[in-house]
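Please work through the exercises below with the sequence and the structure at hand. Attempt each task before reading its solution.

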Amino acid sequence: MDVRRYDTDPAGLAAWHELALPVLAADPVVNTFALTALAERARSGAGPAPATLATVHDDGGATVAAALRFAGHGLQVSALPAGAADALAAELAGDEPLWRRGAFGPVERVAALVRARVGGTGEIPVTDIEMRLWTLGTLLVPRGVAGTARAATDADGPLLARWFCGFVADVAADHPGRPVPVPVPDPGTAPGHDRGGSAPGPGDGGPDPARFVADERAAGRDPVVWEVDGTPVAFGVTRLPAAGVARIGPVYTPPEHRNHGYAPAVTAACVRRALAAGAREVVLFTDVAADVPNRIYARIGFVPGGLHREVRFEPAPDRTPHAAPTHDRTRIGQDR
């Protein structure tokens with residue numbers, strides 16, 4: 001198999017898009033993370049920039065796999081069949097960001113990359129988080145929940161930015177060894193939690209409260225607030241459809257407002273808005289260890305699907321990260 005890598009300048013990104021997007025769009029549910037992130041970045045230019053772009057081709061030149069990594073995040077391997085893992089692992093053997101951040105995707109595809117990589121490096125794979133992909137079956141709108149849903153406004157920005165940081169803080173608290181991305185709304189954050197807590201504010205790299213809602217909308221996200229008697233009590237985010245699939249996340253209820261059914265209610269409102277925006281399917285992710293969110297989404301009509309895993313590679317004792325390969329690379333885009 002032939003691995004092609006691409007520069008992340010406009011020419012390289014365009015060349016990668018031409019070959020990779022059909023592979024990703026062939027299974028838009030499984031590839032929802034990558035497709036959504038690419039669509040949001042194309043709309044607004046916001047969020048982490050692509051840092052690794054690769055495609056894998058069979059002996060006839062057909063594209064059989066695609067992989068990408070956003071700066072500060074793991075390699076997305078949802079479009080990497082097991083048969084292509086060896087070739088990609090060999091090509092990325094000296095990629096230090098991969099060593100530091102690892103990979104994310106369906107369990108079996110991550111496992112194939114892990115087997116291919118550690119056989120040559122002796123590294124130790126560490127699972128940081130496992131998430132379940134849920135797809136919408138028939139929406140069951142919760143009954144008897146006080147309050148109503150509305151679209152977020154700019155005035156909600158400071159509150160929602162604080163709540164978003166609380167969401168990020170809880171993910172970090174649940175997985176203390178996991179390398180945490182910069183706390184801004186981006187494709188690497190684990191969606192689907194309905195937890196609480198606190199997190200660094202804007203001065204520590206968090207979202208800008210004054211622009212939180214505007215930035216969300218510019219990226220094609222639809223933040224929704226659930227309020228009771230004019231008081232916001234929960235929020236969720238609908239991401240506009242990418243290849244027909246809309247993803248929900250994050251969903252968050254602060255501690256003082258929990259146990260009243262607000263999370264499933266605002267999630268159902270997000271689903272309705274996604275369907276109205278033209279989504280053919282609606283999906284979300286949950287931490288498999290988070291019991292409450294998993295029960296919530298099952299109750300409102302989501303159907304559990306496959307598991308996704310985030311793995312990082314730690315150097316083996318008395319060994320340094322694997323040296324870069326010496327074979328020639330096919331690189332498309334700007335020469336370096």
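The exercises that follow concern a predicted model and go from confidence to single residues.

**Exercise 1. Confidence in the model**

Task: Determine which element of the protein chain has the lowest mean pLDDT and which has the highest, and state over which residues pLDDT stays under 50.

Solution.
Step 1. Begin with the whole chain: its average pLDDT is 86, and 86% of the residues score at least 70.
Step 2. Turn to the elements. Strand 13 (residues 330-332) has the lowest mean, 41, while strand 7 (residues 148-151) has the highest, 98.
Step 3. Look for stretches under 50. One covers residues 182-204, for which the model has 92 contacts beyond four places in sequence. Another covers residues 322-336, with 37 such contacts.
Step 4. Draw the consequence: where pLDDT is low, predicted coordinates should not be read in detail.

**Exercise 2. The chain as a whole**

Task: State how many helices and strands the protein chain has, and what percentage of its residues count as buried.

Solution.
Step 1. The protein chain contains nine helices and 13 strands.
Step 2. Of its 336 residues, 51% count as buried.
Step 3. Consider contacts with a separation of 6 or more: residues 24 or more positions apart account for 74% of them.

**Exercise 3. Two helices**

Task: Describe helix 1 and helix 8 by their span and their buried residues.

Solution.
Step 1. Helix 1 (residues 10-25) has 16 residues and reaches 21 Å between its first and last C-alpha, close to the 22 Å expected.
Step 2. Check its axis. Helix 1 bends by about 40 degrees at Glu18, and Pro22 follows within four residues.
Step 3. The buried residues of helix 1 are Gly12, Ala15, Trp16, Ala20, Val23 and Leu24.
Step 4. Helix 8 has 15 residues and reaches 21 Å, close to the 21 Å expected.
Step 5. Helix 8 is mostly covered, with 11 of its 15 residues buried; among them are Tyr262, Val266, Cys270 and Ala274.
Step 6. Just after helix 8, Gly278 takes a positive phi of about 105 degrees.

**Exercise 4. Strand 8 and its partners**

Task: Which strands pair with strand 8, and in what sense?

Solution.
Step 1. Strand 7 pairs with strand 8 in the antiparallel sense over four bridges.
Step 2. Strand 9 also runs antiparallel to strand 8, and eight bridges join the two.
Step 3. Follow one residue through the pairing. Glu227 of strand 8 is the bridge partner of Thr148, and in strand 9 the partner of Glu227 is Pro232.
Step 4. Examine the connection: strands 8 and 9 form a hairpin with two residues between them, and Asp229 in the turn has a positive phi of about 50 degrees.
Step 5. Compare the two sides of strand 8. Arg221, Pro223, Val225 and Glu227 point one way, Asp222, Val224, Trp226 and Val228 point the other way, and all are buried.

**Exercise 5. The largest nonpolar core and Phe302**

Task: Identify the element that gives the largest share of the largest nonpolar core, and explain why Phe302 counts as buried.

Solution.
Step 1. The core has 27 residues, of which Trp226, Ile248, Tyr262, Val282, Tyr297 and Phe302 touch the most other members.
Step 2. Elements that give two or more residues to this core include strand 8, strand 10 and helix 9. The largest share, nine residues, comes from helix 8.
Step 3. Locate Phe302: it is in strand 12 (residues 302-314).
Step 4. Phe302 counts as buried because its relative accessibility is 3%, and the cut-off for buried is under 20%.
Step 5. Beyond four places in sequence, the contacts of Phe302 include Trp134, Leu136, Val271 and Val282. Phe302 and Val282 are 20 residues apart in sequence and 8.9 Å apart in space, C-alpha to C-alpha.

**Exercise 6. Unusual backbone geometry**

Task: Where do Ala243 and Asn259 lie, and which residues does a cis peptide bond join?

Solution.
Step 1. Recall the background: most residues other than glycine have a negative phi, and most peptide bonds are trans.
Step 2. Ala243, in the loop between strand 9 and strand 10, has a positive phi of about 55 degrees. Ala243 counts as partly exposed because its relative accessibility is 33%.
Step 3. Asn259, in the loop between strand 10 and helix 8, has a positive phi of about 70 degrees. At 81% relative accessibility, Asn259 counts as exposed.
Step 4. The cis peptide bond joins Gly249 and Pro250, with omega about 5 degrees; Pro250 is in strand 10.

Notes:
Residues numbered from 1 in each chain as written. Predicted model: local features only at pLDDT ≥ 70, side-chain atom pairs only at ≥ 80, totals over all residues. Heavy atoms only, no water. pLDDT = per-residue confidence, 0-100. Contact = heavy atoms within 4.5 Å. Expected span 1.5 Å × (residues − 1). Bend = angle between axes of the 7 residues up to and from the residue. Buried < 20%, exposed > 50% of the residue type's maximum accessible area, 1.4 Å probe, protein only. Core = buried A, V, L, I, M, F, W, Y, C linked by side-chain atoms within 4.5 Å. Pairing = 2+ DSSP bridges.
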